[in-house]
Amino acid sequence: MKKLVCFSLVVLAMLSCLISCNFTQNISGGLADNATATPKVEEMLTALANNQTEDAKALMHPQANKETDDAIAQMSSYLSGREVSSIELKSINVNTSTGTSGKSRQEQVDYQVTLMDGDTVYLSVVYLSNNSGDGFISFQLVLGVV
């Protein structure tokens, strides 16, 4: 009986160490600093502004809906050569998982984007990294009040 209690305490101590290390890493690591989507968002906006739709499609995740041609063309038409002046991260939600299908990291990020002509738009993106590849599974240009 003593061996079972000792073993249980050791396992409980190890689990608490693992949980507390992960919690500390998430708090001190600053998730906003770890937004891997930000440079890809800049690439996508540049491609859309310069009407490089094939480059924009290449930034999409292999698992993304294949019916993105119209949406990419519409966003490209809206930006129509207008470059980005600033990008401000508004919110981020990161989900990381490891399982039998491998490791997966999904970022849901919202940005406020100011264009060179002073217009402000918002972006809501989902960037996925997994065994199938890296890329956007959702890239939404939001106009209006958010």
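This report describes the strand pairing around β3 and a set of salt bridges in a predicted model.

**Strands β2, β3 and β4**

Strand β3, which covers residues 120–130, has eight of its 11 residues buried, so the strand is largely enclosed by the rest of the structure. On one side of the pairing pattern, strand β2 (residues 102–115) runs antiparallel to β3, and the two are joined over 10 bridges. Within this pairing, Tyr 111 stands opposite Leu 123 of β3. The connection between β2 and β3 is a hairpin with four residues between the strands, and Gly 118, which belongs to the turn, has a positive phi of about 95°.

Strand β3 also pairs with strand β4 (residues 133–142), again in the antiparallel sense, over nine bridges. Here Tyr 122 has Val 142 in β4 as its bridge partner. The hairpin formed by β3 and β4 has two residues between the strands. Strand β3 therefore takes part in two antiparallel pairings, one with β2 and one with β4, and eight of its 11 residues are buried. As a general point on such elements, the side chains of a regular strand alternate between the two faces of the sheet.

**Salt bridges**

Side chains of opposite charge can pair when their charged atoms come close. The structure holds seven salt bridges, among them the three pairs set out below.

| Pair | Closest N to O distance |
|---|---|
| Asp 69 and Lys 57 | 3.1 Å |
| Arg 82 and Asp 117 | 2.8 Å |
| Glu 107 and Arg 105 | 2.9 Å |

In the pair of Asp 69 and Lys 57, whose side chains meet at 3.1 Å, Asp 69 lies in helix α4 (residues 69–79) and Lys 57 in helix α3 (residues 53–58), so the contact ties together parts that are 12 residues apart in sequence. Asp 69 is partly exposed, at a relative accessible area of 40%, and Lys 57 is likewise partly exposed, at 27%. These two residues, together with Glu 54, are linked in a network of salt bridges.

The salt bridge between Arg 82 and Asp 117, with the closest N and O atoms 2.8 Å apart, links distant parts of the chain, since Arg 82 sits in the loop between α4 and β1 (84–99) while Asp 117 sits in the loop between β2 and β3, 35 residues apart. The loop that holds Asp 117 thus belongs to the hairpin whose turn contains Gly 118. The two partners fall into separate accessibility classes: Arg 82 has a relative accessible area of 18% and is buried, because the limit for that class is under 20%, whereas Asp 117 is partly exposed at 44%.

**Glu 107 in strand β2**

Glu 107 lies in strand β2, and with a relative accessibility of 1% this residue counts as buried. The side chain of Glu 107 meets that of Arg 105 in a salt bridge at 2.9 Å, N to O, and the two side chains are also joined by a polar contact of 2.9 Å. Arg 105, at 22% relative accessibility, counts as partly exposed. A further contact involves the backbone, as the nitrogen of Ala 37 lies 3.0 Å from a polar atom of the Glu 107 side chain. Glu 107 is therefore a buried residue whose side chain has polar partners in both Arg 105 and the backbone of Ala 37.

Note on methods. Residues are numbered from 1 along each chain as its sequence is written. This is a predicted model: local features need pLDDT of at least 70, side-chain atom pairs count only at pLDDT 80 or more; totals for chains, interfaces and linings use all residues. Side-chain values use heavy atoms; hydrogens and water are left out. Buried means under 20% relative accessible area, exposed over 50%, partly exposed in between (1.4 Å probe, protein chains only). Two strands pair if DSSP finds at least two bridges between them. A salt bridge is a side-chain nitrogen of Lys or Arg within 4 Å of a carboxyl oxygen of Asp or Glu. A polar contact is a pair of N or O atoms within 3.5 Å; within protein, one must be able to donate a hydrogen and the other to accept it, and residues adjacent in sequence count only if both atoms are side-chain atoms.
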